[in-house]
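Welcome, and thanks for taking a look with us. Below is a short tour that moves from strands to a helix, then to the core, the ligand and two loop residues.

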Amino acid sequence: MEIIKVKDYQEMSERACEFIVEQLAATDQPVFGLATGSTPEGLYECLINKYKTKEVSFADVKTFNLDEYVGISQDDPNSYYYYMNKKLFDHIDIPTANAHLPNGNAADLESECKEYENRIKQVGNVDLQVLGLGLNGHIGFNEPGTPFSSRTHVVELDESTRKANARFFPSLDDVPTKAITMGIDSIMESKAIILLVSGKKKADALAKLMNGAITEEFPASILQKHENVTIIADEEAMSSL
Ligand code: F6R
């Protein structure tokens, strides 16, 4: 694992943005794995700016998001579908058909998971996966205890994750209890990964990820085994190392 230490959230976002721009230049039809949440918002703003100033185009890009809630509609502002459109896709030239998210409203969620895996396989896997880090070590919505061998699947969300995400919902009761997420093994198949970590509240999780045991009780610890992971972390996030 390589670690890039940056000053703050802004610098983390700009550094991550450079990774995407480099991948765009290096690959004809790049496939990006994307995350939602607070962490990548600055990265997406930076990418939009690069598109507006004509430094990059996303016309040949394909994206696959890590996860989506089950049972909320796509126009619900809390759906990851809505988030991705508002925070990125609506502002760049990616063809709609190239931007993939799991469908949390599929009639058959199990086949949706399989179908999602197939779509990723068909494009030859993710070239560069963007990850955020959950306080309990989750990546995607793979909560502690998820087998490292897991593929895209339906999960019951941890109470702690629902509480952490409740800030986006009217109340905790409105936070969905289930989601579809790419599995840990699916994430590990990405050719390269950048993990973005910002803020003091993530410091203990980052220390555990980097120095702790590789255990299913702390899903992100598996990243120690990936051959091409770059962690971009700010000073506060690195304060427990
Ligand atoms: C979101 C995702 C999650 C988040 C994590 C951190 O698609 O996969 O694993 O990356 O919960 O969330 P934030 O960035 O809001 O702290």
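In which sense do strand 7 and strand 8 pair, and over how many bridges? Strand 7 (residues 153-156) runs antiparallel to strand 8, and 4 bridges join the pair. Please keep in mind that this is a predicted model.

Strand 8 (residues 178-181) also pairs with strand 4 (residues 67-69), again in the antiparallel sense, over 3 bridges. A good place to look is Ile-180 in strand 8: Val-154 has Ile-180 as its bridge partner, and Glu-68 is bridged to Ile-180 as well.

Next, helix 1. Its 18 residues (9-26) reach 26 Å from the first C-alpha to the last, close to the 26 Å expected at 1.5 Å a residue. The buried residues of helix 1 are Met-12, Ser-13, Arg-15, Ala-16, Cys-17, Ile-20 and Leu-24. As you follow that list, it may help to recall that an α-helix has 3.6 residues a turn, so residues three or four places apart point the same way. And what covers these buried residues of helix 1? The cover includes strand 1 (2-6), strand 2 (31-34), helix 2, strand 6, strand 9 (192-197) and strand 10 (229-234).

Ala-16, one of the buried residues of helix 1, returns in the largest nonpolar core. That core has 63 residues, and Ala-16, Met-84, Val-130, Leu-133 and Leu-195 touch the most other members. Setting aside residues up to four places away in sequence, Met-84 is in contact with Leu-34, Thr-36, Asn-65, Phe-89, Ala-99 and Leu-101.

Thr-36, a contact of Met-84, is also found beside the ligand. The ligand is surrounded by 13 residues, the closest being Thr-36, Gly-37, Ser-38, Thr-39 and Gly-132. By class, this shell holds 4 nonpolar, 8 polar and 1 charged residues.

Finally, two loop residues deserve a look at their backbone angles. Most residues other than glycine have a negative phi, but Lys-54 has a positive value, and so does Asn-125. The table sets them side by side.

| Residue | Phi | Loop | Other C-beta atoms within 10 Å |
|---|---|---|---|
| Lys-54 | near 65 degrees | between helix 2 (41-52) and strand 3 (62-65) | 7 atoms |
| Asn-125 | about 75 degrees | between helix 4 (109-122) and strand 6 (128-131) | 15 atoms |

Why does Lys-54 count as exposed? Lys-54 is exposed because it has 7 other C-beta atoms within 10 Å, and the limit for exposed is 12 or fewer. Asn-125, with 15 such atoms, is partly exposed.

How values were computed: Residues numbered from 1 in each chain as written. Predicted model: local features only at pLDDT ≥ 70, side-chain atom pairs only at ≥ 80, totals over all residues. Near = placed C-beta within 6 Å. Nonpolar A, V, L, I, M, F, W, Y, C, P; charged D, E, K, R; others polar. Helix = DSSP H or I, 4+ residues; strand = E, 2+ residues; numbered from the N terminus. Buried ≥ 20, exposed ≤ 12 C-beta atoms within 10 Å, placed from the backbone. Core = buried A, V, L, I, M, F, W, Y, C linked by C-beta atoms within 7 Å. Contact = placed C-beta atoms within 7 Å. Pairing = 2+ DSSP bridges. Expected span 1.5 Å × (residues − 1).
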